[in-house]
Amino acid sequence: MESIIKLLKSHTSIRKFKKQPIEESLLLSLIEAGQSAATSSFLQGTTVIRIQNMETRGKIADLCGGQTYVGSAAEFLVFCADLKRSKSCCNKHKVEFNGDYTEQFIIATVDVALMAQSMVAAAESCGIGICYIGAIRNDPQKITELLNIPKHVYPVFGLCLGYPDQAPEVKPRLPLEVVLKNEVYEDLEDNALIEDYDSKIEEYYGERSGGGHGTPWTAQIAGLLSTKSRPHMRAFLAKQGFNFK
Ligand SMILES: Cc1cc2nc3c(=O)[nH]c(=O)nc-3n(C[C@H](O)[C@H](O)[C@H](O)COP(=O)(O)O)c2cc1C
């Protein structure tokens, strides 16, 4: 048990991989391990698309703003939220398909994340490194066309897998006192704790880049949340049949 906790706490995203392939039976077994994650209402709303064609990988890397590890990872998987299978169940049983509710979108998306993260933990326990690629949502329409993704399915993120050719320092997370609340949402003044954390992250990035100071965590998040993040997503999802009713 303790070793699983240790493993999870030692996670770092890997962006440089060895050429060594992942044995086929191991890869399939990791995906199956992911499938064993809990799934809301037994929906099993995840489809995984394995991309082995290097030309397709290159196109995806370009669409992800030139993230070359999409091409250099031993494996690249696209995790999709899939309500198409659920629609088929409705068709088979001759009932109306109500898959365009916000709730269904949440259920399917949560399912994808749980399956992926279980698979990731299994992979890391075998010495395989991973990097999630949310940048496939930079241009989800092009990804959808490239991978022939049908209506009621959308690509949530990609996942690079391979044997690590780097050993980054573990990126410190927020202090537990900031994240964990007791009984109700205590709106505590966490400023001092967050200040400390900012310094820790500044130091972390400074050391990672070989000296100097990195960007504090609050500055990173302020930068992220002050930009209009992928504003195309709502229209794209509506087109795919996720209508947020
Ligand atoms: C859903 C998701 C999408 C992500 N997308 C990208 C991405 O497109 N490119 C990338 O290099 N890292 C990506 N990451 C990795 C995060 O940047 C990384 O997990 C975070 O900075 C914490 O670092 P760590 O994983 O090394 O602890 C993504 C992570 C998640 C969970």
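**Entry 1: two domains**

I began with the distance between the domain centres: taken over C-alpha atoms, domain 1 and domain 2 have centres that are 30 Å apart. I kept in mind that this is a predicted model. The domain assignment gives residues 2–168 to domain 1 and residues 176–208 to domain 2.

I then looked at the UniProt record, an unreviewed entry, which lists "domain: Nitroreductase" for residues 9–163. Over residues 9–163 I found 43% helix and 18% strand. The C-alpha atoms at the two ends of that stretch lie 19 Å apart.

**Entry 2: the sheet**

Next I asked myself: in what order do the four strands of the open sheet stand? I read the order as β1-β2-β4-β3, and the pairing is antiparallel. Because β1 (46–50) and β3 are at the edges with a single partner strand each, one side of each has no neighbour in the sheet. I also noted the turn between neighbouring strands of this sheet, which is 25° on average with direction ignored.

A reminder to myself: strands of a sheet pair through backbone hydrogen bonds, in either a parallel or an antiparallel way.

I went through two of the pairs:

- β2 (residues 75–82) and β4 (residues 153–162) run antiparallel and share eight bridges. Here I found Cys80 with Pro155 of β4 as its bridge partner.
- β3 and β4 are also paired in the antiparallel sense, over five bridges. For Ile130, the bridge partner in β4 is Leu161.

**Entry 3: strand β3 and the ligand**

Is β3 mostly covered or mostly open? I found it mostly covered, with four of its five residues buried.

β3 (residues 129–133) turned up again when I looked around the ligand: this strand gives three residues, the largest share of the shell. Among the residues around the ligand I listed Cys131, Tyr132 and Ile133, together with Gly134 and Ala135. His11, Thr12, Ser13 and Arg15 are there too, and so are Gln67, Phe157 and Lys171. I sorted the shell by type and got five nonpolar, five polar and two charged residues.

**Entry 4: Arg230**

Last, I looked up where Arg230 sits: it is in the loop between α10 (217–225) and α11 (233–239). Is Arg230 buried or partly exposed? With 14 other C-beta atoms within 10 Å, Arg230 counts as partly exposed, because a residue needs 20 or more to be buried and 12 or fewer to be exposed.

I also compared Arg230 with Leu159: they are 71 residues apart in sequence, and their C-alpha atoms are 19 Å apart in space.

Note on methods
Residues numbered from 1 in each chain as written. Predicted model: local features only at pLDDT ≥ 70, side-chain atom pairs only at ≥ 80, totals over all residues. UniProt positions renumbered as here; feature names shortened; annotations may be inferred. Near = placed C-beta within 6 Å. Nonpolar A, V, L, I, M, F, W, Y, C, P; charged D, E, K, R; others polar. Domains from an automatic or database assignment. Pairing = 2+ DSSP bridges. Axes fitted to C-alpha atoms, helices over the stretch in contact; angles between N-to-C directions.
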